[in-house]
Amino acid sequence: EKLIGLNNTLLKTFCFRKAYISFMFRSYDDAKEYVSKFYECRENAWANLMVVHFNTALYTGLISFWVARKSRDAQCWFARGNESKLTFKRWAESSQWTFENKWYLLEAEESFSHNDYEAAKSFYKQAISSAKLHKFVHEEALAYELAAYFYLELGEMEQSMEYFLAAHERYHEWGAFGKCNSLFEFVKSSFSQTSSTVTTSLRHV
């Protein structure tokens, strides 16, 4: 830990990995803490390899919009999320195959954060379709999952359940069994009235 603390590039990488894991397992406080530390040390760290930068830009953007929906300091987080969104929009102009679905997903999360629900619904559908078309099964799973949380927030339980089931199926296909189990437990507790349906529909790995 002392070595990491003395090396800003290592610290940035460490904080991003912790933020990413916290985001994927829906630990809001940890995700916020580590992405905040990531932004603090970003300016004085070495640049990432491009493929690492793609992941960093996507997940810090998604976390930023998540934090913006819950934080009093919303404008700062909106600006960070928007930075990632515009980056992917620009990249998508050069490589639609690689970046389009990620751009749409960031657009969806931004629209959700601004309570523009109709736009969010459209962008979630586009993110899912683009990820499926371009064979990014893990990002298709992520788009389904985030859309499911969106519909859960709106109280549209049937649509939310449908998307959670689809997310679970794609994560299972990808081999993310720990994520499948985590999603299973969340859905089981959130849909208590239909727990028997959840138990039979989702696979606890």
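This passage looks at one helix pair and a handful of salt bridges in a predicted model.

Start with the helices. Helix α2, covering residues 8-24, packs against helix α3, covering residues 28-42, and the angle between the two comes out at about 155 degrees. Their axes lie 8 Å apart. Since angles over 145 degrees count as roughly antiparallel, α2 and α3 are therefore roughly antiparallel to each other. As for handedness, the crossing of α2 past α3 is left-handed.

Which residues do the touching? On the α2 side, the contact takes in Asn8, Leu11, Lys12, Phe14, Cys15, Phe16, Lys18, Ala19, Ser22 and Phe23. Across from them, α3 brings Asp30, Ala31, Tyr34, Val35, Lys37, Phe38, Cys41 and Arg42. Sorted by character, the residues of this contact come to 11 nonpolar, two polar and five charged.

Now for the charged pairs. Side chains of opposite charge can pair when their charged atoms come close. Searching the whole structure turns up 10 salt bridges, and a few of them are picked out here.

Lys121 is a good place to begin, as it has a salt bridge with Glu118 and another with Glu156. In the pairing with Glu118, the closest N and O atoms are 3.7 Å apart. Both residues sit in helix α7, which spans residues 117-133, and because they are three residues apart there, about one helical turn separates them. Their surroundings are not alike: Lys121 has a relative accessible area of 19% and is buried, whereas Glu118, with 57%, is exposed.

The bridge from Lys121 to Glu156 has an N to O distance of 3.3 Å. This pair ties together distant parts of the chain, 35 residues apart: Lys121 belongs to helix α7, while Glu156 is in the loop between α8 (137-154) and α9 (157-174). Glu156 has a relative accessibility of 32%, so it counts as partly exposed.

What about Arg170 and Glu169? Their side chains also meet in a salt bridge, with 3.7 Å from N to O. Arg170 counts as buried, its relative accessibility being 13%. Glu169, by contrast, counts as partly exposed at 45%.

Finally, salt bridges can also join up into a network here: Lys85, Glu107 and Glu110 are linked in this way.

Notes
Residues are numbered from 1 along each chain as its sequence is written. This is a predicted model: local features need pLDDT of at least 70, side-chain atom pairs count only at pLDDT 80 or more; totals for chains, interfaces and linings use all residues. Side-chain values use heavy atoms; hydrogens and water are left out. Axes are lines fitted to C-alpha atoms, for helices over the stretch in contact, and angles run from 0 to 180 degrees between N-to-C directions. Helices (H or I, at least four residues) and strands (E, at least two) are DSSP runs, numbered from the N terminus. Angles under 35 degrees count as roughly parallel, over 145 as roughly antiparallel, 65 to 115 as roughly perpendicular and the rest as oblique. A crossing is left-handed if the near helix is turned anticlockwise from the far one by less than a right angle, and right-handed if clockwise. Contact means heavy atoms within 4.5 Å. Ala, Val, Leu, Ile, Met, Phe, Trp, Tyr, Cys and Pro count as nonpolar, Asp, Glu, Lys and Arg as charged, and the others, Gly among them, as polar. A salt bridge is a side-chain nitrogen of Lys or Arg within 4 Å of a carboxyl oxygen of Asp or Glu. Buried means under 20% relative accessible area, exposed over 50%, partly exposed in between (1.4 Å probe, protein chains only).
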